[in-house]
Amino acid sequence: VQLQASGGGLVQPGGSLRLSCAASGSIFRINAMGWYRQAPGNQRELVAEVTYFGRTNYADSVKGRFTITGDNAKNTVYLQMNSLKPEDTAVYYCNMKVKSGTYTPPYDYWGQGTQVTVSS
């Protein structure tokens, strides 16, 4: 299974960006899709996650500003980021918990990371 992320870039404070991440390969079902981020000197942290059944979970720091959407048919997850702040600057990684068969446990896969920089 491979994950391909896109959509990062440089944006001014208050601006918006949309990240996308598509999975390909041997996929039976994706139990959860998520986005994490890691700023220099910090640990990787969960930004948002959506389950196969559509339940979402957000970090407190992004609630009300970011929206995660999962497309199970396309094996793709999106992160719409609005009202961006300088403290949102980080490398963003997509994550998917993928089952390759009915009776196999889910396995974590990661995208390559995409840089988001919020600066004037």
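The following questions and answers concern a predicted model.

Me: Which cysteines does the disulfide join?
Reply: A disulfide is a covalent bond between the sulfur atoms of two cysteines. A search of the whole structure finds one such link. Its S to S distance is 2.1 Å, and the link is right-handed, with 50° about the S-S bond. The two residues joined are cysteine 21 and cysteine 94.

Me: How many residues apart are cysteine 21 and cysteine 94, the pair that links distant parts of the chain?
Reply: Cysteine 21 lies in strand S3, which covers residues 17-24. Cysteine 94 lies in strand S9, which covers residues 90-99. Both cysteines are buried. Along the chain, the distance between them is 73 residues.

Me: In what order do the four strands of the open sheet stand?
Reply: Strands of a sheet pair through backbone hydrogen bonds, either parallel or antiparallel. In this open sheet the pairing is antiparallel. Strand S1 (2-6) and strand S7 (66-71) are the edge strands, each pairing on one side only. The order is therefore written with these two at its ends: S1-S3-S8-S7.

Me: Which residue stands opposite alanine 5 in S3?
Reply: S1 and S3 pair in the antiparallel sense over five bridges. The partner of alanine 5 also takes part in the disulfide with cysteine 94. This residue is cysteine 21.

Me: Is serine 20 buried or exposed?
Reply: Serine 20 is placed in strand S3. Leaving aside neighbours within four places in sequence, serine 20 is in contact with Gln4, Ala5, Ser6, Trp35, Val77 and Tyr78. The limit for a buried residue is under 20% relative accessible area. Because its relative accessibility is 18%, serine 20 counts as buried.

Me: Which residues form the covered face of strand S11?
Reply: Strand S11 spans residues 114-118 and has two faces that differ in cover. Gln115 and Thr117 belong to the uncovered face. The covered face is made up of Thr114, Val116 and Val118.

Me: Which residue of S11 is the bridge partner of leucine 10?
Reply: Strand S2 (residues 9-11) and S11 pair in the parallel sense over three bridges. S9 is also joined to S11 by three bridges, but those two strands run antiparallel, and valine 91 stands opposite glutamine 115 there. For leucine 10, the bridge partner in S11 is threonine 117.

Me: Which side chain of opposite charge is nearest to lysine 99?
Reply: Lysine 99 is found in strand S9. This residue is buried yet has no salt bridge. Its contacts beyond four places in sequence include Ile27, Phe28 and Pro105. The nearest side chain of opposite charge is 13 Å away and belongs to aspartate 108.

Me: With which residue does lysine 97 form a salt bridge?
Reply: Side chains of opposite charge can pair when their charged atoms come close. In this salt bridge the closest N and O atoms are 3.5 Å apart. Lysine 97 is in strand S9 and its partner, eleven residues apart from it, is in strand S10 (residues 107-110). The partner is aspartate 108.

Me: Which residues are linked with Arg37 in a network of salt bridges?
Reply: The structure holds six salt bridges. In one of them, the side chains of glutamate 45 and arginine 37 meet at 2.8 Å, N to O. Arginine 37 is buried, with a relative accessible area of 6%, whereas glutamate 45 is partly exposed, at 38%. The residues linked with Arg37 in the network are Glu45, Arg65 and Asp88.

Key
Residues numbered from 1 in each chain as written. Predicted model: local features only at pLDDT ≥ 70, side-chain atom pairs only at ≥ 80, totals over all residues. Heavy atoms only, no water. Disulfide = S-S within 2.5 Å. Buried < 20%, exposed > 50% of the residue type's maximum accessible area, 1.4 Å probe, protein only. Pairing = 2+ DSSP bridges. Lys, Arg positive; Asp, Glu negative; His and termini not counted. Salt bridge = Lys/Arg side-chain N within 4 Å of Asp/Glu carboxyl O. Contact = heavy atoms within 4.5 Å.
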